[in-house]
Amino acid sequence: MTNACAKVEEIALYLGKPWKFLRLGDISNWRFDIIDGCGRGLYFRLDGDKFKIGGVFPRHKSSPWRDNYKDIGVSINRPAKDIATDIMRRLMPHYLKSYEAALLRYEQENHLALIAQSIVKVTGGRISDHSRARKTVYFENGEAEIWSSGDMTLNLNRLSIKQAIQIVSIFREDKEPVAC
């Protein structure tokens, strides 16, 4: 076991529960991970006599943005307890806040994809991905633009008078929909 690996294991102990050294996979001589068992993690990249330390955002559970990534540099020669204190003070507040935001975005993106897939199933249309926050479903009689905020714009074309009246009647809050 390398000196750097032993140092990261010791830092994990000083961070306390639930943080622990990740022993799964191949042990590297330059990258080490600490995990909390709930999907969050910290990476330690050895860069000469320094560690670059940053938060981990698993792709299968979070959707980070560029500003979510922050790392700190610390000397590997400092005591593990001091490095752990530095992590808690300088990195953790930013990382935990960013991680929660990335989880929420991931959930919103999945919800958006499910809505788009439902519309495709009903209409037989196709999905166009514009961004993580917006999808458009094109179908024979129009298109549905869906936003991760939950808003949707529906453009319909070539409707019969009966269909148009049925759709417009949905917006009458005070009365039942009009039957044609």
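This passage walks through four parts of a predicted model: helix α1, the loop residue Asp36, the helix residue Tyr95 and a nonpolar surface patch.

Helix α1 is a good place to begin. It runs over residues 3–15, and its 13 residues reach 18 Å from the first C-alpha to the last, close to the 18 Å expected at 1.5 Å a residue. The helix has a buried set made up of Ala4, Cys5, Lys7, Val8, Glu9, Ile11, Ala12 and Leu15. Alongside nonpolar names, then, the charged residues Lys7 and Glu9 appear among the buried positions. An α-helix has 3.6 residues a turn, so residues three or four places apart point the same way. The cover over the buried residues of α1 includes four strands, β1 (20–21), β2 (31–35), β3 (41–47) and β4 (50–56), together with helix α2 (80–123). Just after α1 comes Gly16, with a positive phi near 85 degrees.

From the helix, attention turns to the loop between β2 and β3, where Asp36 is found. Asp36 has a relative accessible area of 5% and therefore counts as buried, the cut-off being under 20%. Its side chain is engaged in two ways: it reaches the backbone nitrogen of Cys38 at 2.8 Å, and it makes a polar contact with the side chain of Arg40 at 2.6 Å. Once residues up to four places away in sequence are set aside, Asp36 touches Pro18 and Trp19.

Trp19 and Arg40 come up again in the surroundings of Tyr95, a residue of helix α2. Leaving aside neighbours within four places in sequence, Tyr95 is in contact with Trp19, Arg40, Gly41, Leu42, Gly55, Val56 and Phe57. The side chain of Tyr95 also reaches the backbone nitrogen of Gly41, at 3.0 Å. With 1% relative accessibility, Tyr95 falls under the 20% cut-off and so counts as buried. For a sense of distance, the C-alpha atoms of Tyr95 and Lys121 are separated by 39 Å, with the two residues 26 places apart along the chain.

The last stop is on the surface. Here Met152, Leu154, Leu156, Leu159, Ile167, Ile170 and Phe171 make a nonpolar patch of about 650 Å². Strand β9 (residues 152–156) gives the largest share of this patch, with 3 residues. Another member, Phe171, lies in the segment after α3 (161–169). Phe171 has 65% relative accessibility and is therefore classed as exposed, a label that requires over 50%. Tyr95, by contrast, is buried at 1%, while Phe171 is exposed at 65%.

Technical notes:
Residues are numbered from 1 along each chain as its sequence is written. This is a predicted model: local features need pLDDT of at least 70, side-chain atom pairs count only at pLDDT 80 or more; totals for chains, interfaces and linings use all residues. Side-chain values use heavy atoms; hydrogens and water are left out. Helices (H or I, at least four residues) and strands (E, at least two) are DSSP runs, numbered from the N terminus. The expected span of a helix is 1.5 Å times one less than its number of residues. Buried means under 20% relative accessible area, exposed over 50%, partly exposed in between (1.4 Å probe, protein chains only). Contact means heavy atoms within 4.5 Å. A polar contact is a pair of N or O atoms within 3.5 Å; within protein, one must be able to donate a hydrogen and the other to accept it, and residues adjacent in sequence count only if both atoms are side-chain atoms. Patches are made of residues with over 30% relative accessible area and no salt bridge: like charges are joined within 9 Å, nonpolar side chains (Val, Leu, Ile, Met, Phe, Trp, Tyr) within 5 Å. Accessible areas come from the Shrake-Rupley method with a 1.4 Å probe; for residues, only the protein chains shown count as cover. A salt bridge is a side-chain nitrogen of Lys or Arg within 4 Å of a carboxyl oxygen of Asp or Glu.
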